[in-house]
Amino acid sequence: MLIDNESPYLYNLTLKPPSNYPHSVLGQFIPRAKQQQLALISSTHLLLLTSDPETGKLSTKTTQNLFAVVNAVDKLRLNDHDVLVLTTDSGNLSIIQYEPKRNEFVSICQMPMCKNGWSRSYPGEFLAVDSQSRCILVGAVEKKKFLYKVEHSGDKLELSSPVEYASVVAQKKQSLLCLSMISLESAFSNPLFAALEYDNEQQVTLLNYYEFDQGMNHVVKRKSRVAIVANDANYLVPVPGHIGGVLVCGENWIIYDKLGSESIALPLPRRKSQSSVIVTHVTHVLKKKSYGFFILLQNEFGDLFRLVIDYDYDRELVKDIEISYFDTIPVCYSLSIFKNGLCFANCVNRSQLLYQFEKLGEEIGEEGVGINRRIQMDSIPLTKEKVVEFKLKGLDNLALIDVVESLSPITDSTLINDTLVTLSTKSKLKSIVHGTPTTTLVESSFPIKPTNVFTAKTSADAMDDEYLVITSTLAFKTLVLSIGEVIEEVNDSKFVMDQPTVAVQQVGKSSIVQVYSNGLRHINGKKKVTNWYPPAGITITHATTNNQQVLLGMSNLELVYFETDPEDDQLREYQDRLEVSSPIRSMCIPKEQSSFAVVGCSDETISVVSLQSQNCLQVKSLQALSSSANSLVMLTHNPSTTLIHIGMDNGVYVRTKIDTFNGKLSDTRIKYLGPKPVTLNELKLSDDITGVLAISTKPWIGYFYQGKYRCTPLLDIDIINGASFKSEDIGGEGIVGIYDDNLVIFSVGKEDSIFDPNQELTVTELNLRYTPRKIVKGGDDDKLFASEVEMGINTPYVSNLTKDVENGVDPEYYEAFGFERGPGCASCVQLIENGEIKQSLEFVKDQRIVDMVKIQFNKNQYLIVGVTKQEENLLYTFKIDKKRNLQYIHKTQLKYVPQVMEVFQNRLLVASGNAISLYELGQRQLLRKSLTRIDFVQSIVKVSPQPRDRILLADSANSIVFAKFDNEENQFIPVADDVVKRNITAWKQLDYDTIIGGDKFGNIFVTRLDREESKQVDQDWTVLKQAAQNSSNLNSCVFKLQNLCQYYIPDIITSFQLGSFNLGGEECIIYTGVMGTIGVLIPLLSKSEIELVHDLQLQIGIWNDGVNVAGKNHGKLRSYYNPRKNVYDGDFLELYFAIPLDVKVKIAKKLNKSVGEIEKKLNDIRNRSSF
C-alpha cells in the first residue's frame, strides 16, 4: 500500500460500547440451561446477562460487536433453546444462536431481503415472530410485507422463500403506512398478526389482521369489526393464552378487540391534569393459577398499570377487564419478567434496573383506582373524555435489587487527569475512571510496622485460610493471627516469633512450614516441630513454596531444594545445591507441583531452574531484563498456558510464557505500572479466575478472562503488600494488605456485589437538577460548571439569580416521579466542587440556556451565560469570587440568539446564524466592539480560537471554516473551508492546522489546512487579504482543507478529548457518543505497523461471513457515507484472537508473520494508550 507521510493513521478501539438498549429479549439462549437469560441489544452490540439464582444479581455472560446497525429483534424457539432473529442495515434477516464453547453468538441463517441500507420500503423496520415459531413476518413502513416460513431439520433451521403482501388501498393503489405490527396468540390455528396502519388518503388509522394460510401458502388480510380506530392509536398488546385478541392503546384509552368478537373500550388511569399514553408492556403468566396472567402497561411518565382479563372459558367470552395503578418506575423501552419473579426495566436514558416483586397488586387500597366494564363507553371519543385520576405513591409492589450501569446519553465530557467526567444519563454527572472498585471490610493498626503478610491453611482439606501471618523486618518480629468471625492472636502456633518470616506454606496433608531468616521450621498436625538451619553466618533471603516443594535462596548465593515426603509430611532435602552468579532478588514456583522454578538475580536476569529428578537444580534457560526482578509469580492460567509474571525495580510489569516441557521462555508482554518497584502476589478473584496482585505506586490486578489478559488498577485502596485469602466469615475471597502500621482486609468489587471481570471502568455519579447540556472547567481540576435545561415541564424551583431563595423542594420526589409536564422549560447552572454541588443558580421560568463560557476581564474571572425566551435573548454576567461562587453582575439584551460563545483576545465572541460579534465588559452591560457576517455560512454551531488572530468555525451545513481577524477592518475574513459539507456536532484541534471532527450522521474525520497555505495566512496576510475577501463574496474561500481521515461509527459524537487512560501512556484521541459510547483513536507510529494493520484487516475481511453474525460487509459499515480512509477498526482486528487456530495460521502465513507476533502487536497498540 502507498503510505502518505503527511497523514495521520489512526487505530479505533471501543472501550465502552453503546449502553442505550432499544431492544431486550428474555429467553433460554444457552442450550440445556434451565435458567433464563436476558439479551440486551444496542445499535451495534449484543449483551447477554444471567441472573444469580440466589441473589438475583445480574452478571455479564458475553458482550459481542455485531458490526451492523440493528433495527428490530425478536426470539424464535429452536428445539430446547431460543435463538435471536435480527433485522439490520445489512439487508438480511439474520438468525443467530449462542455457542457455549466459543461464548458468543454465531449465525445459523442469513436470508437476504433487500439491498444494503434503509429506506421507506426497507422490510426490516417491523419484525414479528409467530408465538409457535412457525413463521416470521417482516414489514416496511410503506407497502412491503414479507412472510418467511420456518422449517426445522434436526438442529438446523431454514427459511422458505418469502411470501409477499403489499399493503395498498384497492381503488387507487396507494400504500398504507405501517405504524406497528405484532404477532397474536393463535394456538394451533393459522399464524395471525395484527398491524396499525395509516391510510393517508382517508386520513384514518386502521386496525388490520394478517393471517398466514399454511395450506395455500398465502397471506390473507382480514378486518375486524373495529376497522377504524382513533388517529392517536400508538401501541398494540397481544393477549396470551386461549383468550387471544389484541389490546389497542391510544391517548387516555384502550380497546380490546378480537376477530369475530365484540370490542371493549375503557379509559386509562391518568395523573392529575396529564394525559396517559402507553409506551411499553410486559405479560406474565402465573404458575399457580390455571390460565391466569396479568399485563403490566407503562405510560410515558413511567406509571405502571395492572391489567387483568376475567374470561369465561365455558362461553369463550371476556366477562370483564380490570385496570389498576400498580407502581411508578422510570420510563422503559421494554419490560421483562423472569420466571423467578424478577422484573427487568430496560430504561430510557438512564441505567437499567432490576426489581423484585413484593406483591402482585391484587388488592386496591383506599386511595387506589380501579377501572372495569362498569365504566365502559360505547365509542373511543366518549372513552377519551372519561377522566379517571389516581394518586402517585412510592414503590409498593416492586423492590429494587440491582442496577446495570448505563452512560446513555452522553451530552458533553471533559478529561481531568485520568478521569473522564461526562454529562450523562438523565440529570446525572458521571465520573469514569479506569479501575476496579474495592470494599474495605476490616482496618486496624499494629504496634509494629509490618513489611509483609502471608495467609495459610492448616490442612490440605481445609476450604478456608486459618492463619494470617504478619512479619516485620524492621522490628524483627512475626505475629500470627487466626482468621474467623474475630481476628485474634494465636498463642500455640509454634512459629518462631522473634525472627522476620520469609514464607509460610501448608505442606503435605496437615503440616505447616515457616521459613524465617535463620532457618526453616516444620510443624506437623500434632504440633511436633522439626527445624532446619543453614550454615553459621548464612541467612535465608528468599523462598518460594507449594504444597509439595520448598526452594530457598541463601545469602551465599546458593539454592536449597526440599520435597515433601507423602507418608509423614516431612521435608526431604536434595543434597546438591546450585550456586548462582549474583545475589538473589526473587524466586517462584507455581502452587501445584512443578518441574521448574524461576530465579531472579541482581544482574538483571531471570533463570529457569529444573526441579526434575534427572537434572535437578540445572539452569535450563536464561533471559535478560531491563531491570532487576523485584518479584516473581508463576501461574498456570489454563492447561496450555503457564506464565511467568515479573515485577521489576523500574516499575515495569512483564509477563512471559514458559514451555512446561523444556523451560524455554517466549512471547513477552510488558506494561508500565509506576515509578516504584513492582511487588507481585498470587490472587484468587473467584472460583474460576486466578490472577496476580501487582503493587507499585498503586495496586493492580491482572487476570485472564474470555481469552484476554486484563490489567486493571484497584481503586480506593493503598497498600504496599498484600495476600489473597478465603474465609466464609467475610463472604468468600478477599485480600489482606498492609500500609504504614495498619492492616486492611478488603474485597474486589462494589459493596454487596461479586467481582465482575468485565468491569474495567468504574463509574461514580452525582445527581443534577435537569438534563445537563454543557460542562465548563472552573480553572481548578476539582471545580466544574454545568448548564442544565429541561424542556416541556413546569418547574417547582424559583429563580435565585439576584437574591437567595429557599426552595422547599424534595428532589427525591421528582427523581422518582419526574416533573409535571407543561409547555414551558427550566434552566439552571450548578457549580460542582469535589464531587458535590456547591451552588445552584435557577434562571427565570421559560428561559433556556443556549451556551456558556468562562472568561477573564481585568484579571477577574467571569461566567457568561447566554439564554433565550421567545423573543427575548440575554447574556447574563456572573463574577467568580475568591470562594469560587457565582455573583450576578448584570445582563445584556441581544437581538439574536447567542448560539455559540467563546473567548477571543480577552473579549467575548458570540456567534449566531452567520454573524460573529465581539464584546467587552462594561459597567451595566457587555459592549459590542465588532460585527462580522459571512454570507455563505448558514448557522455557526461551534467556534474555537487559535493563535495569531485565527478562529475555527463549525457550520451546521458547511462543515469547518478557517477565518482570520483583521484588526484594520475589525472583521473576521474566511480563508479556508472544507470540501465536504458536514453538520458538525463535536471537534478538537490536534495541532495548529489539523482538526478532528464528528457530524450528526456518525462520521469521524480529520481535516487539515495545507502547511504552505497556513504560512501565507500568517505571514503574507496583506497580500492574501484582498483575495480572501473577494473569494468570500463568491460563497467560498480562497483555500480548501485536505480530508486526511474518514471513518463511520453508528453513534453521534458529542466530544473529543486528548489524553490517555494509561499511566505514562502516549496521548490518543478519546471520543464519546450520545448513546454512551466511549472510544479511542490511537496513532499508528511506523510504516511497518500501518502495513501490518492494513493487511490484517483485509485478510480478516475475507473471512467476514465467519466473524460477522449480521451478514454486514465490514468495509461497507465503516464507509457508510464516505469511503473509510486511514482509520483501522481495532474491534474488527481483535477478532483475530477469537477465530479458529487454523484460520489464524493461514492469515499469519499470508502476512509472513507468526500468530504470536500478530497478537503481540495488537496488544501493544491497545496498551499504548488504552487498556
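These entries record what I looked up on one helix pair and on the enclosed cavities of a predicted model.

**Entry 1: helices α9 and α10**

I first examined α9 (residues 1141–1150) and α10 (residues 1155–1169), whose axes come within 9 Å and cross at roughly 85°. Because of that crossing angle, α9 is roughly perpendicular to α10. I then listed the residues that meet: Lys 1144, Val 1145 and Ala 1148 belong to α9, while Val 1155, Ile 1158 and Glu 1159 belong to α10. By class, I recorded four nonpolar and two charged residues in this contact, and no polar ones.

**Entry 2: the largest cavity**

I next searched for cavities of 30 Å³ or more and noted two in the structure. The largest cavity holds about 120 Å³ of space. I counted 16 residues in its lining, and those nearest its centre are Thr 44, His 45, Ile 1049, Pro 1050 and Arg 1118. The elements giving two or more residues to this lining are β1 (10–16) and α7 (1114–1118). Its lining is mixed in class, with seven nonpolar, six polar and three charged residues.

**Entry 3: the second largest cavity**

For the second largest cavity I noted about 30 Å³ of space. I found it lined by Leu 247, Ile 254, Ile 255, Tyr 256, Ile 264, Leu 266, Leu 307 and Ile 321. Strands β21 (253–257) and β22 (264–267) each supply at least two of the lining residues. The largest share, three residues, comes from β21. I assigned the lining of this cavity to eight nonpolar residues, with no polar and no charged ones.

Methods:
Residues are numbered from 1 along each chain as its sequence is written. This is a predicted model: local features need pLDDT of at least 70, side-chain atom pairs count only at pLDDT 80 or more; totals for chains, interfaces and linings use all residues. Side-chain values use heavy atoms; hydrogens and water are left out. Axes are lines fitted to C-alpha atoms, for helices over the stretch in contact, and angles run from 0 to 180 degrees between N-to-C directions. Helices (H or I, at least four residues) and strands (E, at least two) are DSSP runs, numbered from the N terminus. Angles under 35 degrees count as roughly parallel, over 145 as roughly antiparallel, 65 to 115 as roughly perpendicular and the rest as oblique. Contact means heavy atoms within 4.5 Å. Ala, Val, Leu, Ile, Met, Phe, Trp, Tyr, Cys and Pro count as nonpolar, Asp, Glu, Lys and Arg as charged, and the others, Gly among them, as polar. On a 1 Å grid over the protein atoms alone, a cavity is a set of points where a 1.4 Å probe fits but cannot get out, and a pocket is an open set with protein on both sides within 12 Å along at least five of seven lines; lining residues have an atom within 4 Å of a point. Grid points are joined across faces, edges and corners, and a volume is the space filled by probe spheres set on the points.
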